[in-house]
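Please examine the sequence together with the predicted model shown below. The paragraphs that follow lead through two of its sheets.

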Amino acid sequence: MSTYRFDKLLAPRSIALVGAVGREGSLGRSVLDSLRAAGFPGAIMPVQPDQTTVDGLACVPRVADLPAAPDLVLIAVPPPSVPEVVAQAAAIGAGAAVILTARLGSGPGDPGPVAHGIARAHGLRLLGPDSAGLAVPGARLNASLFAQAPEAGDLALVSQSGTVAAAIVAWGARHGTGFSAVLSLGSVLDIGVADCLDHFAADFRTRAILLCLDRVADARRFMSAARAAARAKPVVVLRAGRHRPDTRAAVTHTGALARPDAVYAAAFRRAGLLAVPDLDAMFSAVETLGRQRPFPGHRLAIVSNGRGIGLLAADRLIERAGTLAAPAEAEGRAPGNPLDLGVDAAGPAFASALTPLLTDRTSDAVLAIHVPTIRSEAGAVAEAVAATVKAARAGQTRKKPVFAVTLGDAEAARETFAQAGIPHFATDSEAIEGFLHLVRYREAQDDLMRTPDSLPRDFSPDTARARSIVAGALRQGAAWLDPVAVNGLLQAYGIPTVPITLAPDTDAAAAAAWPIIAAGGTVALKVVSPDIVHKSDIGGVHLDLTSEADVAEAARSILARARRERPDARVTGFAVQPMVRRGQRRELIAGLAEDAVFGPVVVFGRGGTAVEVIDDRALGLPPLDLTLARDLIARTRVARRLEAYRDVPAADLGAIALTLVKLSQLAADLPQVRELDINPLLADETGVLALDARVRIGRAERGDHGSVHGSAHGRGHPRFAIRPYPAEWIRTLNLKDRTVRVRPVRPEDEGLFLAFFKGLDPEDLRLRFFGPVREFSHAFLVRLTQLDYARAIAFVATEIGPGGGERMLGAVRLHADANHESGEYAIAVGRDARGTGLAFALMRLMIDWARSEGIGRVEGTVLAENRPMLAVCRRLGFTQGRDPDDPGLVKVHLDLATG
């Protein structure tokens, strides 16, 4: 349901409170006290069978007896009574309910699922159960169990844990940090994290969002909402339970490396969220985001009244991969960073040092650290710093961020900095973390807006061959592909492999080895068994065999040890391969693992038999492009070994990145592939080579990972948390003797769009954008080309130009609302493609996509003078009407249920 009826939840005009309202110390009474203390301006209607009034408020025995339907119902009754209360609230037309009651159960027939079913049937939104309530300070609404009422501000706090939310609210109260809203989700039945992200991303009263969670129930909805929110404003996430015992039974190296905590971290990174490890870091983020907006740049200047404390701050910055600004000049002092003002530096000294730093272009932010002494009082220094910052910012459009630290008890300093809007911290370490929160957020935004490199034109996987290999193995009841099938699968995706021959017994292994030996090579012999995943564990790999006799003896040795150590294992034969000399090649691991929440995950890191001990790995959610693949590589320690050193040339980073992209595409094409492990993947300056690989398969059934796709709209990979590129929507059109290819837009199409827009004349641009357009920035083009296919689609029409490259003829896009009920379209067609029927074809394809996604209504705005576009809309059945606010515009819409 997403944001449906959130107005009733967060801006209610009337509230009904159900459950022991009149009894002191009860749950209901506690919430009533909070409501009245906050001064809620609307009607409060207690519901309690044994009383007629509560504190002067008229009371009714049942929800059904209320004189009018309340916007919000607060439920604090015993678990068995909750479904009946929800049923009565739904029947009289209430908009939302908060279930404060805990332990409603999750099985069939338990109060929780029963209440949810009733509410869903009537469109009643539910927060909870086991919720600590909600608060919207700006609306004087505090329907919570928090010990301290939150102050008004512009941070939205959404927490699955009520106690964590209460702790952050209490911290905010002590430090003068306010909130636009606070929601305790509890044990989610209906309203979850994704719904809240959708709402607060569009809420103009909210400048940043704070998330506290321990689990994600619907990965696809979460990732879609998180990616959209993170592009709009900072989103900070704290996850509890990161180090719970891993109960998975991983059988491959990649599966073992893809631990749940690492997958969550990869998901947060991919979405552009700023993850923090603990409450201290969250408090630092709250202090920073509550007073300072994100800013460009990453260079920090430090000024302090002591060399030691300044150096400690600089050390912390560098340890956390921050950037210390170049030394700055100071009046009467040698340049330095950190800049030491001396132990007795008072307010005037700080003011004179800060004045040039605030306009200096060698730094992007300033950290002022003060340690109070008998000659340097904290309050006076704080006032001097605040006044200097205020004076420097007067009349400036770009205000350089300032962070402040006062060590020791300095209540006066804290109040002064709070009033000045300057983030203030108790220690230098906290201040560095606060500064880096904003730097990392800006870097994440830059990463999200990078245009990926185009894939090589010759990368065209043989998906038919790959599907045939997997389907054949599944028909035989196999859970693992045999080595020949693994080689065939990798070759279908252009991943180089070592030739392999399967031998069913000892004699056949010796015979298969002869051609390799005769050619002057040596042989690698490996056991083949669906039950032995790690062959080296039982001595199942013998290398550098130089004769048929050696091969036969090695085969007998492998069989004997397998029978001794794994008597239950089925040994189906041996894999015979030519030896590959590693030389200066680096041993890597690359593969696919499956997470119970987020589905397929791409794994990369340092390979070898000790891969799990070394634990040098990075994870990424598919689909990947080359930019994301390079980022994945860069996040490992082994990435440094891929560079050139001494007489060793640099490995082909492009080939490694392309291999990861190929694995990502394989995962998208073949949902039946559950785990894939290439270990080692050898890499040097000539490229990559898969030396050994394992592939686990299983039948792909929609619904086998409901947490990933249970509520997803439309099609797509059944287990991907992020909708992959919708290749099934590629079309070829024949329009008046012209062959036009129409396909969904890709992120790397930025250059294609830029060339198209530059080729349009000013009148075309005016009709498309309703005004003159002088330039097309990177940020603007990114919004057009980098789409979340779960929420939007854009089709681009191209033809092959004289030089053999694509030439854009036009494009249409549709962006669905958060509830996936309606979508707004936009279209542009080049002058040389008009009169061909392209606009009609693009619009019809967009409408077909909307229908497939379950979108009920397509809307748009057209200039009244754009008669050709209005004619296309009439042909397609759109209803048209003048915009009441602007007679020069026409509003058009098509109801797909009837259109």
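How many bridges join strand E10 to strand E11, and do these strands run parallel or antiparallel? Strand E10 (residues 152–159) and strand E11 (residues 179–184) run parallel and are joined by 6 bridges. One residue of this pairing is Leu157, whose bridge partner in E11 is Val182.

Both strands belong to an open sheet of 7 strands, with mixed pairing and the order E9-E8-E11-E10-E12-E13-E14. Strand E9 (141–144) and strand E14 (274–276) form the edges, each pairing on one side only. From one strand to the next, the twist averages 20 degrees. Helix H6 (residues 193–201) lies across E10, E11, strand E12 (208–213) and strand E13 (235–239). The direction of H6 is at about 170 degrees to that of E12.

A further open sheet consists of 8 strands, again with mixed pairing, in the order E33-E34-E35-E36-E37-E38-E40-E39. Strand E33 (731–735) and strand E39 (879–883) have a single partner strand each, so one side of each remains without a neighbour in the sheet. On average, neighbouring strands here are turned by 25 degrees against each other, direction ignored.

Within this sheet, strand E34 (residues 738–744) and strand E35 (residues 792–800) run antiparallel and are joined by 4 bridges. Arg743 stands opposite Val796 in E35. Helix H24 (residues 750–759) lies across E34 and E35, and also across strand E36 (806–816) and strand E37 (822–829). With respect to E36, H24 runs at about 105 degrees.

Definitions and conventions
Residues are numbered from 1 along each chain as its sequence is written. This is a predicted model: local features need pLDDT of at least 70, side-chain atom pairs count only at pLDDT 80 or more; totals for chains, interfaces and linings use all residues. Side-chain values use heavy atoms; hydrogens and water are left out. Two strands pair if DSSP finds at least two bridges between them. Helices (H or I, at least four residues) and strands (E, at least two) are DSSP runs, numbered from the N terminus. Axes are lines fitted to C-alpha atoms, for helices over the stretch in contact, and angles run from 0 to 180 degrees between N-to-C directions. Contact means heavy atoms within 4.5 Å.
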